[in-house]
Amino acid sequence: MERVFRALADPTRRELLDELFRRDGQSLTALASRFAMTRVAVAKHLRLLEEAGLVVSGRRGREKLHLLNPVPIRLLHDRWVGKYTETWAAGLVGLKRQLETAMEKVFEIFIRTAPQRLWEAITDPGTRARFQFGARVESDWTEGSAYRVTHAGAGGLIEGENLELDPPRRLVQTYHAVWDDDVAAQATSRVSWQIEPVGDSCRLVVRHDRLAADADERLYGGWPMILSGLKTWLETGTELTTPGSLAYGGGPS
């Protein structure tokens with residue numbers, strides 16, 4: 001049990017278990033792509049989880065897959081939760097899960113460009129306006145600093161904090177929409193931009209998570225149009241016409 005507690009004490013290892021809970025049987029490469037650390041570091045965390053019995057591995061052809069083993073956690077539960085209190089504990093856990101359940105939206109696109117140029121497009125106010133319906137982003141782009149997305153005709157749209165910056169690979173930000181009272185009342189979520197070079201192109205993954213289960217669809221519904229506009233601008237130098245650009249356009253032509 002000491003190994004189990006030691007393994008669970010680290011937040012990265014808990015996130016690895018969460019990833020395997022969401023999709024069991026993942027390779028080291030797949031797991032490492034979801035963390036801002038090296039494959040070696042992720043492998044060390046997985047080894048500690050295996051030593052604690054929380055993760056088991058097996059091979060499928062040449063690929064080594066990692067699978068979640070919930071038995072040690074169940075043993076902890078059985079040791080400290082008696083049969084007379086289990087119903088109450090389960091009810092309280094169920095209530096907590098219902099109130100705190102978060103939703104995650106993931107968007108992936110491949111763009112023929114260099115990582116640095118893609119990073120600059122995401123962080124440069126003028127370029128951002130080209131593919132985000134005329135909206136500009138403002139920040140000094142340091143960890144812990146604030147950022148704002150604004151529109152000349154609509155004022156403030158989004159505000160938040162830059163949590164992680166690793167140019168030109170990864171940008172993580174909190175996300176609080178403020179364009180009207182209804183969305184402003186929604187909880188703050190998180191957006192991660194992950195850039196991975198693939199030959200002469202880039203794989204861009206935008207992960208919008210920590211959304212409430214009943215989050216307003218407007219918080220995340222525009223991402224496909226924004227990313228399509230980003231791809232079009234970087235590959236052709238022209239602006240893409242979308243319902244968003246028709247409704248809210250007004251950036252530079």
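**Exercise 1. Salt bridges**

Task: In this predicted model, identify which residues are linked with Arg22 in a network of salt bridges, then state how many salt bridges there are by the rule and classify the accessibility of the residues in three pairs.

Solution.

Step 1. Glu19, Arg22 and Arg34 are linked in a network of salt bridges. The count by this rule comes to 16 salt bridges.

Step 2. The side chain of Arg170 forms a salt bridge with that of Glu164, at 3.1 Å from N to O. Buried means under 20% relative accessible area. Arg170 has 12% relative accessibility, so Arg170 counts as buried. Glu164, with a relative accessible area of 31%, is partly exposed.

Step 3. A salt bridge also joins the side chains of Arg203 and Glu196, with an N to O distance of 3.0 Å. Arg203 has a relative accessible area of 23% and is therefore partly exposed. Glu196 is partly exposed as well, at 35% relative accessibility.

Step 4. In the third pair, the side chains of Lys231 and Glu235 meet at 2.9 Å, N to O. These residues both belong to helix α10 and lie four residues apart, about one turn of the helix. Lys231 is partly exposed at a relative accessible area of 26%, and Glu235 is partly exposed at 35%.

**Exercise 2. Pairing around β3**

Task: Determine which strands β3 is joined to by bridges, and name a bridge partner in each case.

Solution.

Step 1. Strand β1 (residues 26-27) is joined to strand β3 (residues 63-68) by two bridges, and the two strands run antiparallel. Gln26 stands opposite His66 in β3.

Step 2. Strand β2 (residues 55-60) is joined to β3 by six bridges, again in an antiparallel arrangement. Within this pairing, Leu67 in β3 is the bridge partner of Val56.

Step 3. β2 and β3 form a hairpin with two residues between the strands. Gly61 takes a positive phi near 70 degrees in this hairpin.

**Exercise 3. The largest nonpolar core**

Task: State how many residues the largest nonpolar core has, and find which element gives the most to it.

Solution.

Step 1. The largest nonpolar core has 37 residues. Those with the most contacts inside it are Leu118, Trp193, Leu204, Trp223, Leu227 and Leu230.

Step 2. Two or more residues of this core come from each of β4 (102-111), α7 (115-123), β6, β7, β8, β9, β10 (201-212) and α10. α10 gives the most, with six residues.

Step 3. A general tendency gives the context. Nonpolar side chains tend to be buried together in soluble globular proteins.

**Exercise 4. The second largest pocket**

Task: Give the volume of the second largest pocket and describe its lining by residue, element and class.

Solution.

Step 1. The second largest pocket holds about 610 Å³ of space.

Step 2. Its lining comprises 25 residues, and Phe133, Trp179, Arg218, Gly222 and Tyr248 lie nearest the centre of the pocket.

Step 3. The elements giving two or more residues to this lining are β6 (146-151), β7 (155-166), β8 (170-177), β9 (189-198), α10 (223-236) and α11 (243-248).

Step 4. By class, the lining residues of the second largest pocket divide into 17 nonpolar, six polar and two charged.

**Exercise 5. The largest cavity**

Task: State how many cavities of 30 Å³ or more there are, and describe the lining of the largest cavity.

Solution.

Step 1. By the rule used, there is one cavity of 30 Å³ or more. The largest cavity contains about 30 Å³ of space.

Step 2. Gln186, Ala187, Ser189, Leu211, Ala212, Ala215 and Leu219 line the largest cavity.

Step 3. Sorted by class, this lining has five nonpolar residues, two polar residues and no charged residues.

**Exercise 6. Placing Ile73**

Task: Locate Ile73 in the secondary structure, decide whether Ile73 is buried, partly exposed or exposed, and give the separation of its C-alpha atom from that of Asp209.

Solution.

Step 1. Ile73 is in helix α5 (residues 71-80).

Step 2. The relative accessibility of Ile73 is 37%, so Ile73 counts as partly exposed.

Step 3. Ile73 and Asp209 are 136 residues apart along the chain, and their C-alpha atoms are separated by 26 Å.

Terms used. Residues numbered from 1 in each chain as written. Predicted model: local features only at pLDDT ≥ 70, side-chain atom pairs only at ≥ 80, totals over all residues. Heavy atoms only, no water. 1 Å grid on protein atoms, 1.4 Å probe; cavity = no way out; pocket = protein on both sides within 12 Å on 5 of 7 lines; lining within 4 Å. Points joined across faces, edges and corners; volume = space filled by probe spheres on them. Nonpolar A, V, L, I, M, F, W, Y, C, P; charged D, E, K, R; others polar. Salt bridge = Lys/Arg side-chain N within 4 Å of Asp/Glu carboxyl O. Buried < 20%, exposed > 50% of the residue type's maximum accessible area, 1.4 Å probe, protein only. Pairing = 2+ DSSP bridges. Core = buried A, V, L, I, M, F, W, Y, C linked by side-chain atoms within 4.5 Å.
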